[in-house]
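The following note sets out points for consideration on the model shown here. It proceeds from one chain as a whole to individual sheets and helices in another.

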Amino acid sequence: MKMRTKLSMLFVVLLGLTLVLGACSANNNTGEQTASTAEVQQNSGAKEVIKISVGEDDYGARMLNYAAAFKALNEELVAEGKNVEVVEDILPAVGDDELVLQAQAGQWRDISMNSSLDIGWELDAGLIQPIDWLKESEVFKTLPQNLWDIMEYQGHVYGAIQDMDASPLYINKTALKTLGWSDADIEGLPDRVLKGDFTMDDMLNIATEAVDKKVTKYGLVSDGLDNISVQDINNQIMGFEPYDQEQSKVIFDKKGITDTYNFWEKGIESGAITKDFAALEDVGFGYFVNGDVMFFIGGTGSYNNMKEAYGKSDKEFEDWFYANNTFSLIPAGSKGGKPGSLANPRLYYVSSKVDEKKMPYVQRIIELAMAPNLQMDHTLASGKLPVTRSGQEDPRFSESRFLNDVAYMLDYTKVRPPHLAYPSYLQQQIKGLEALMVKGATAEEAYALFEGNYKQGVDQDQVIFR
Amino acid sequence: MNLWKFSKRNMIHFFMILLMLPIVFMIIWLFVSSVYNYNSGRFSWVNWQFLTRSFELEGISFPIIWPIVMNTVVFGLLITVIDLLVAIPAAYAFSRLNFFGKGFALKFLFIMGSFPGITLLITSFFIMMYLGLLNTVFAVVVLSAAGMIPWHVYILKGFFDEVSWDLEFSGMIDGCSRFKCLYQIILPNMLSGISAIAIYAFMGAYGEWLLIKLFIFDNTKLTLAGYLAKVIFTDDDKVTNIGLITAIGLFYTIPIGIFYLFTQSTMMKVTIGGSKGV
Amino acid sequence: MNLARLKKKSYPYLFLAPFAILTLMFFVIPALATLWMAATNLDRKMKADFIGFGNFQRIFADINILPIIKVTLIYVFFSLVLTVAFSLLLAICTQYLVKNKKLGALYRVIWLIPSTMPGLVYVVFWKYIFNPTPGGFANKIVMYFGLEQPISWFNDAGLLIIIIAGVISGASGGMILFSASINSIPEDVYKAARVDGAKDRSIIRDIILPALKWPIMYVTVTSTIGLFASYNFILLATRGGPVVDTTTLALYGYQQAFNRLEYGYGAAISVIVVIISLLLTLLLFRLFDFNKLIRPPRIED
């Protein structure tokens, strides 16, 4: 009797398993079928329909550029007399986790968008393919060389840069005057920064003085702790980028990292930097507009944010901005060093699954989305800069005094290395900073936390510890 | 003196209202945020325009809400039906039949019912991928049902326990089979329990968003909760448009509040383990 | 004859079959697969090499693990005690102390709202209240009373806020179950007690609480496991920071899997979460004498 019970149990289990296996084997075919039919649909002898799926890691104005590119491509195809139609399949806000899982599930995005930082790991995960045709592409002919460097990794072009940024140091002129600076001193400041004559320490001292004398409420504020500006400060303090391009390895430099933590510790102790530095992310630019901040580090987009916070017309804001403020590159870490600027540009990536047949269409979508006027549309919406010279020749670009004035920074602007061991470096570095700012850890403790966390999570072959 | 007496009698109400203040405040805040722009200081219904038309915001088109509401209702009903079809016979077996390993199975049920389903998310994803069911409503329906059913079985078992055995005895004397007894005699006696479970199942489906976010890639198949998670929220911790979020959040919450008001007496039928003096 | 007996013996399994199949496919198999995954180094490359207990060794060597376990225990313990106590309080108030049934029901419905609200919207509210800038609600209050600098609430008291928000949204489930059980106590029992001169306090102690034994067990066990596995609100509210001050084990597992894309390591941490909650559940079963709950059927075949 017990035997029978067991038998029937077994029966149920087997039934279940057959169902599972049956479904699996059935699916393998259907899976491929749906994939191929979705890709290229032969539309009953009429037009060939090609569906191109595009995505973005974030939400924003870039979606419009996609839409415009599809429209333009279809118009071109009609003009060329080709019997082909491209159809868009846009999905915004595809996070890295979803990107990986969806690619596994055969639902990859033909064109995706991510930071320049992501080349390394996306390549490692087999998500993207080289797009060396970009070198021959007409729209990218006027792309400056330093931007080409961003798109290249291990000898190939992997992404098409679609906007660029710089990280200006916004300076409160009014407060400097209150501190006794002459107009000539103030006007000469950006130049001193450029020559490496004005350093990070000088900046911190002024910030401290401003807070001590109650000229401004905050000394140094940025657009967030986990934002590029903090990274920029760290690189300037260290005096080098923690990346060895030749060996393609991240550099974990004890001395340099300790220096950066010492800088932050000093800033907090002197009151130039407040414990709620991270919390000022979404309000800092507003405080700057109110005159409460001595130095603000952000992106070129911060100018747009300030304009919104100011709440008046573009012209009125521009007048106010130039009357009361100025901006420079990020000062060097030590006398005679180089000034810096850092950016976090988004790149178009092409999925490794895109085949030769589809690639020409994908290529044209990317090229059309990079049309100069679309670059400028994006600039107006986001405050980021057009990348190609032809994009900067758009009349709307020269109308903006700020965009013109800030454009020189592009020549000094670097991006973060696209190495696969680097994102984790940033994450853990910020954890150390958080401990220092919020929990009152010393610079040594912050370093120890950074080192411990980084070492235990990274493939140590990818890093030079020194 | 009279006032003192009055306040003593009504102290419990004062107490309850005091406790509820944060929630009432939250609802009011949600509403105000949805129609009032804190930055510009202007009132407008612009965040509620999803009620009447599809619209564009910062380059993203947001669909009109009603097809999504329709999806939500269909999705909820589908889960409810599957839930009941699976849970009722199982609960019956747990309550009234003897089978091998029942004690263990019941404990297992308990553990499953409250098992962190999230830990299974990735492997479920691969299983669904293997079955070719990704991006189908079916996948979300069965996974969501599989997550809820164990504890629904457990609660339904309590209802079966409450139904008098004499009813079933008399049925069997009349020559009913166990199966016939179940649906002709027992089930009609526990309709309140079944409706309570149906309500729970529907509400569970209404709130399901994580599965939809991960398993559905197609924005036309979203439910309200999935819409909120996928279209409105894009970053882990950055809230981009408070007005739109609060408007849709309220739109999401109001129907379920009204639903509760009408169903809460049924929901109250649920008892765990028979409270009548164990 | 045999066929008839087989039929008779097998029908319990027929009743159970749909449930068993569903559970097998979407619970047992994923659970086993998670176990397997925990023994591999599956990552974003989606190639899994078997590494045995390598992930578990890594967990024990992880410099964050001790602080995280500490945070987890504090979070689970206080959330559990407060949730159960608060839902009991709400149930007794709305079901027994408030004599007007309709009002009691209305109070309950209002309390249900936070739990129905999607976490995504719920967290927006809490972030507004405890916004670290002077514009935040709590900061407006403390600064009105003379504080000069705004407080970074989530940095200074993140875990406390998370626990409170969790209790407010989590109490309603227990409240409904408890209210239902109080509701099923016959009026006569109260009447008899009042005739004997019993006050509210002794009625609650001697009649209501004993009747709630099983619901309390149920809520305690499910909440314990649920709390161990929960990370959703924390993820949205603080992302586990500052540093790891609000990171629970489950959140850490999630972050390893979904943020760092180390699925194997994330799965191993989930396995630890499951083992801890299983052990606790078994302990609670023993504490509440679970076997009594399983009554034998009265119709013998």
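1. A residue is called buried when its relative accessible area is under 20%. By that criterion, 58% of the 301 residues of chain C count as buried. The model is a predicted one, and the points below should be read accordingly. The area that chain C exposes is about 13,200 Å², of which carbon and sulfur atoms supply 67%.

2. Chain C contains 13 helices and zero strands. Along the sequence, its pattern reads α-α-α-α-α-α-α-α-α-α-α-α-α. Among the contacts in chain C with a separation of 6 or more, 66% are between residues 24 or more positions apart.

3. An unreviewed UniProt entry places the feature "transmembrane region" in chain C at residues 12–39, 73–97, 109–129, 157–178, 215–234 and 263–288. How much of the chain over residues 12–39 of chain C is helix? The figure is 96%, with 0% strand, and the end C-alpha atoms of that stretch lie 37 Å apart. Residues 73–97 of chain C are 100% helix and 0% strand, with 34 Å between the end C-alpha atoms.

4. The largest nonpolar core comprises 343 residues. Those with the most contacts inside this core are A:I52, A:W264, A:F321, A:Y425, B:F215 and C:Y263. Leaving aside residues up to four places away in sequence, A:W264 touches A:V230, A:I233, A:N234, A:I273, A:F277, A:L433, A:L436 and A:M437.

5. Three of these partners, A:V230, A:I233 and A:N234, are among the buried residues of helix α9(A). This helix spans residues 228–238 of chain A and is mostly covered, with eleven of its eleven residues buried. Polar residues are included in that set, among them A:S229, A:Q231, A:D232, A:N235 and A:Q236. Which elements do the buried residues of α9(A) pack against? They are α8 (200–212), β9, α10 (254–270), β12, β14 (341–343) and α19 (422–438), in chain A. Just after α9(A), A:G239 adopts a positive phi of about 85°.

6. An open sheet of four strands in chain A has the order β9-β12-β8-β13, with mixed pairing. Its edge strands are β9 (218–222) and β13 of chain A, each of which pairs on one side only. From one strand to the next, the twist averages 20°. Helix α13 (residues 314–324) of chain A packs on the sheet, where it touches β8 and β13 of chain A; the angle between its direction and that of β13(A) is about 75°.

7. Strand β8(A) merits a closer look. Side chains in a regular strand alternate between the two faces of the sheet. In β8 (residues 169–172) of chain A, A:L169 and A:I171 point one way while A:Y170 and A:N172 point the other way, and all are buried. With strand β12 (residues 293–297) of chain A, β8(A) pairs in the antiparallel sense over three bridges, and A:L169 has A:I297 as its bridge partner in β12(A). With strand β13 (residues 325–328) of chain A, β8(A) also runs antiparallel, joined by four bridges. Here A:L169 stands opposite A:S328, and A:N172 stands opposite A:N325.

8. A further open sheet in chain A has three strands in the order β10-β11-β17, again with mixed pairing. The edge strands are β10 and β17 of chain A, each pairing on one side only. Strand β10 (residues 243–244) of chain A is joined to strand β11 (residues 249–252) of chain A by two bridges, and these strands run antiparallel. The bridge partners in β11(A) are A:V250 for A:Y243 and A:K249 for A:D244. The hairpin of β10(A) and β11(A) has four residues between the strands, and A:S248 takes a positive phi near 55° in it.

9. On which side of the matter does the pairing of β11(A) with strand β17 (residues 463–465) of chain A fall, parallel or antiparallel? The sense is parallel, over three bridges, and A:I464 in β17(A) is the bridge partner of A:I251. Helix α20 (residues 443–457) of chain A lies across β11 and β17 of chain A, at about 155° to β11(A).

Terms used. Residues are numbered from 1 along each chain as its sequence is written. Chains are lettered from A and ligands numbered from 1 in the order in which they are written. This is a predicted model: local features need pLDDT of at least 70, side-chain atom pairs count only at pLDDT 80 or more; totals for chains, interfaces and linings use all residues. Side-chain values use heavy atoms; hydrogens and water are left out. A nonpolar core is a set of buried Ala, Val, Leu, Ile, Met, Phe, Trp, Tyr and Cys residues joined through side-chain atoms within 4.5 Å. Buried means under 20% relative accessible area, exposed over 50%, partly exposed in between (1.4 Å probe, protein chains only). Contact means heavy atoms within 4.5 Å. UniProt positions are given in the numbering used here, feature names are shortened, and annotations may be inferred rather than shown by experiment. Accessible areas come from the Shrake-Rupley method with a 1.4 Å probe; for residues, only the protein chains shown count as cover. Two strands pair if DSSP finds at least two bridges between them. Axes are lines fitted to C-alpha atoms, for helices over the stretch in contact, and angles run from 0 to 180 degrees between N-to-C directions.
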